[in-house]
Amino acid sequence: MKDDEILRDLAEKMDVLRIEKRMKDSDLESAGGISRQLISNFRNGKRSISLKSFIRILRGLGELDRLESLFAETRQYSPLAESVKKQPRRVRDNGNREEDFKWGDDM
């Protein structure tokens, strides 16, 4: 997809979310701290918006957490980290002996 197509797609998805949440443009405007003109321009593809404005739109929709899924944390496996496990500090006697201890001269 070209950049303009992606922007149009994002604007359409934003509008679908807004309608699903039964929000008017004025609700989105006040909740996100953005102008109605910016929303209109974004929706109609008249101009692109900044990332900051897009974040404000998501915040206004209550969907800011969707950005988290773009950059989900991945844990990397490290064999070195696995091999250096913490050793116990003490070894305790569990008290279960199979046979009694005998000194060498007791035999």
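A nonpolar core is a set of buried Ala, Val, Leu, Ile, Met, Phe, Trp, Tyr and Cys residues joined through side-chain atoms within 4.5 Å. With that term in hand, here are the close-up views of this predicted model.

**Figure 1. The whole chain, an all-helical pattern.**
Let us start with the overall picture. The protein chain has five helices and zero strands, and its order along the sequence reads α-α-α-α-α. How much of the chain is buried? Of its 107 residues, 21% fall in the buried class. The exposed surface comes to about 9,800 Å², with 48% of that area supplied by carbon and sulfur atoms. Among the contacts that link residues at least 6 apart in sequence, 47% join partners at least 24 apart.

**Figure 2. The largest nonpolar core, built from 14 residues.**
Which residues have the most contacts inside the core? They are Met 14, Leu 28, Ile 34, Phe 42, Ile 49, Ile 57 and Leu 61. Helix 1, helix 3 (36–44) and helix 4 are the elements that each give two or more residues to this core. Helix 4 contributes the largest share, with four residues. As background, nonpolar side chains in soluble globular proteins tend to be buried together.

**Figure 3. Met 14 of helix 1 and its partners.**
Is Met 14 buried or exposed? Met 14 counts as buried because its relative accessible area is 3%, under the 20% limit. Setting aside neighbours up to four places away in sequence, Met 14 is in contact with Leu 28, Ile 39, Phe 42, Arg 43, Ile 57 and Leu 61. One of these partners makes a good distance check: Met 14 and Phe 42 are 28 residues apart in sequence, and their C-alpha atoms are 9.7 Å apart in space.

**Figure 4. Leu 28 and the residues it touches.**
Leu 28 sits in helix 2, which spans 25–32. Which residues does Leu 28 touch, beyond those up to four places away in sequence? The list runs through Met 14, Arg 18, Met 23, Gly 33, Ile 34, Ile 39, Ile 57, Gly 60 and Leu 61. Among them, Met 14, Ile 34, Ile 57 and Leu 61 also appear with Leu 28 in the group that has the most contacts inside the core.

**Figure 5. Ile 39, a buried residue of helix 3.**
The relative accessible area of Ile 39 is 0%, so Ile 39 is buried. Outside its neighbours up to four places away in sequence, Ile 39 touches Met 14, Asp 25, Leu 28, Glu 29 and Ile 34. Asp 15 offers another distance to follow: Ile 39 and Asp 15 are 24 residues apart in sequence, with 9.6 Å from C-alpha to C-alpha.

**Figure 6. The largest pocket, about 360 Å³ in volume.**
Which residues lie closest to the centre of the largest pocket? Of the 14 lining residues, they are Leu 10, Lys 13, Phe 54, Leu 58 and Arg 66. Helix 1 (3–20) and helix 4 (51–61) each supply at least two residues of this lining. Helix 1 gives the most, with six residues. By class, the lining divides into 11 nonpolar residues, no polar ones and three charged ones.

**Figure 7. Glu 63, a charged residue in a loop.**
Glu 63 is found in the loop between helix 4 and helix 5 (79–83). Is this residue buried or exposed? Glu 63 has 13% relative accessibility and therefore counts as buried. Apart from neighbours within four places in sequence, Glu 63 is in contact with Leu 17, Lys 21 and Leu 58. Leu 17 is 46 residues away along the chain, and the C-alpha atoms of Glu 63 and Leu 17 are separated by 8.9 Å.

**Figure 8. Arg 22, a loop residue with a positive phi.**
Where does Arg 22 lie? Its place is the loop between helix 1 and helix 2. Arg 22 has a phi of about 55 degrees, a positive value, although Arg 22 is not a glycine. Arg 22 counts as exposed because its relative accessibility is 77%, over the 50% limit.

Methods
Residues are numbered from 1 along each chain as its sequence is written. This is a predicted model: local features need pLDDT of at least 70, side-chain atom pairs count only at pLDDT 80 or more; totals for chains, interfaces and linings use all residues. Side-chain values use heavy atoms; hydrogens and water are left out. On a 1 Å grid over the protein atoms alone, a cavity is a set of points where a 1.4 Å probe fits but cannot get out, and a pocket is an open set with protein on both sides within 12 Å along at least five of seven lines; lining residues have an atom within 4 Å of a point. Grid points are joined across faces, edges and corners, and a volume is the space filled by probe spheres set on the points. Buried means under 20% relative accessible area, exposed over 50%, partly exposed in between (1.4 Å probe, protein chains only). Contact means heavy atoms within 4.5 Å. Accessible areas come from the Shrake-Rupley method with a 1.4 Å probe; for residues, only the protein chains shown count as cover.
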